[in-house]
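This report walks through selected local features of one protein chain, for a reader who wants to follow them at the bench. Please keep the sequence and the model open while reading.

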Amino acid sequence: MLENYKEIREGLQKGPGHRVAIAAAADAEVLEAVCMMLKEGFAEPILFGDAVKIAKLAETAGLDSAALRVVDEPDGAAAALRAAKSVRDGEAEVLMKGLVNTSDFLRAVLDGENGIRGESLLSHLAAFETPGCPRLIIQTDGGMNLYPTLDEKVGILKNAVEALHRLGVECPKVAALSANEAVNPKMVSSVDADALAKMNTAGEIEGCIVEGPVALDVALSADAAKRKKIESRIAGETDLFLVPNIDAGNIMGKTLVCCTHAKMAGVVLGAKAPIVLVSRSDNAESKLNSLALACALA
């Protein structure tokens, strides 16, 4: 069970340092996160972008720009490509998006010559540290794949299970979410969740326990399962919440952040290295937690 980001960051401080390639790093919030990261000592940045702007913003963030490794590339798309190449070449273990258009950044990730695309489907993993909750709420995929097919959900699930293994969760308990626990042919989420659970039972999806379809209340609460007379091996102990589509994941995530003041981190999985693809609305602490999560997976 992963309790909070502090646990992840403290674990990183005991291991070897990582290197993070940041594309278009001339961003105040990104550099503030870099400052916090350097103080905690779990990774070193390589900053790709406009060197003059980076130097000015670094000074404001409390960084010694002379001590930073900066690769001057004023064009955002070109900076993303060079940052991706540095990860591909082994100069860094994590790739992070700075102040660059998301389409340009992902184009660099997928570039055949310089990018870091792997054989797996790219998918998003989000972790929420929520007040009153004893564990991180880890969710996939609320940020990358729009309306995944069953085959794509298999890929998303395998990416996330592998990530949780890397984080020390030996056999993740997975809730394949739907509106309720009954399979309804008119509700694709319930049909797919049932199929995923059966594939897990048959050994086609390994290294985890998958139950589905499962409603969110049962996934979160053993008491809810008892009241609904549902026998469950994961109720109240869910390690991974598999959402049916990006709408459900986005709504769930923003509800946690806006209504419970949860702290969020997110990474993109399925490439040759973890990718920190942050939102413009993410603050420096959120970016720091995303960096820590990515480094823990590297």
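For helix packing, axes are lines fitted to C-alpha atoms, for helices over the stretch in contact, and angles run from 0 to 180 degrees between N-to-C directions. The structure is a predicted model, in which local features need pLDDT of at least 70 and side-chain atom pairs count only at pLDDT 80 or more, while totals for chains, interfaces and linings use all residues. Residues are numbered from 1 along each chain as its sequence is written, and side-chain values use heavy atoms, with hydrogens and water left out.

## Helix α6 and its partner α7

Helices (H or I, at least four residues) and strands (E, at least two) are DSSP runs, numbered from the N terminus. Helix α6 covers residues 150–166, 17 residues in total, and reaches 25 Å from its first C-alpha to its last, close to the 24 Å expected at 1.5 Å a residue; the expected span is 1.5 Å times one less than the number of residues. Its buried residues (buried means under 20% relative accessible area, exposed over 50%, partly exposed in between, with a 1.4 Å probe and protein chains only) include K153, V154, I156, L157 and N159. Just after α6, G168 takes a positive phi of about 100°.

Helix α6 packs against helix α7 (residues 188–201) at an angle of about 55°, with the two axes 10 Å apart. That angle makes α6 oblique to α7, since angles under 35 degrees count as roughly parallel, over 145 as roughly antiparallel, 65 to 115 as roughly perpendicular and the rest as oblique. In the contact (heavy atoms within 4.5 Å), L150, K153 and V154 of α6 meet S189, D192, A195, L196 and M199 of α7. The residues of this contact divide into five nonpolar, one polar and two charged, where Ala, Val, Leu, Ile, Met, Phe, Trp, Tyr, Cys and Pro count as nonpolar, Asp, Glu, Lys and Arg as charged, and the others, Gly among them, as polar.

## Residues that meet the loop before α6

D141 is found in the loop between β6 (137–140) and α6, and a cis peptide bond, with omega about -5°, joins T140 to D141. Which residues outside its own sequence neighbourhood does H124 touch? Not counting residues up to four places away in sequence, H124 touches Q139, T140, D141, G142, G143, M144, M264, G266, V267 and V268. H124 itself is found in strand β5 (residues 123–129) and is buried, with a relative accessible area of 9%.

I246, placed in helix α10 (residues 246–260), is likewise in contact with D141, and also with G142, G143, M144, N145 and L146, leaving aside its neighbours within four places in sequence. I246 is buried at a relative accessible area of 17%, and its C-alpha atom is separated by 8.6 Å from that of P148, although the two residues are 98 apart along the chain.

## Backbone features elsewhere

A second cis peptide bond runs from G212 to P213, with omega near 0°, and P213 lies in strand β8 (residues 209–214). Two residues that are not glycines have a positive phi, and they are set side by side below.

| Residue | Phi | Loop | Relative accessible area |
|---|---|---|---|
| A24 | about 55° | between β1 (18–23) and α2 (28–40) | 8%, buried |
| K229 | about 60° | between α9 (222–227) and β9 (240–242) | 77%, exposed |
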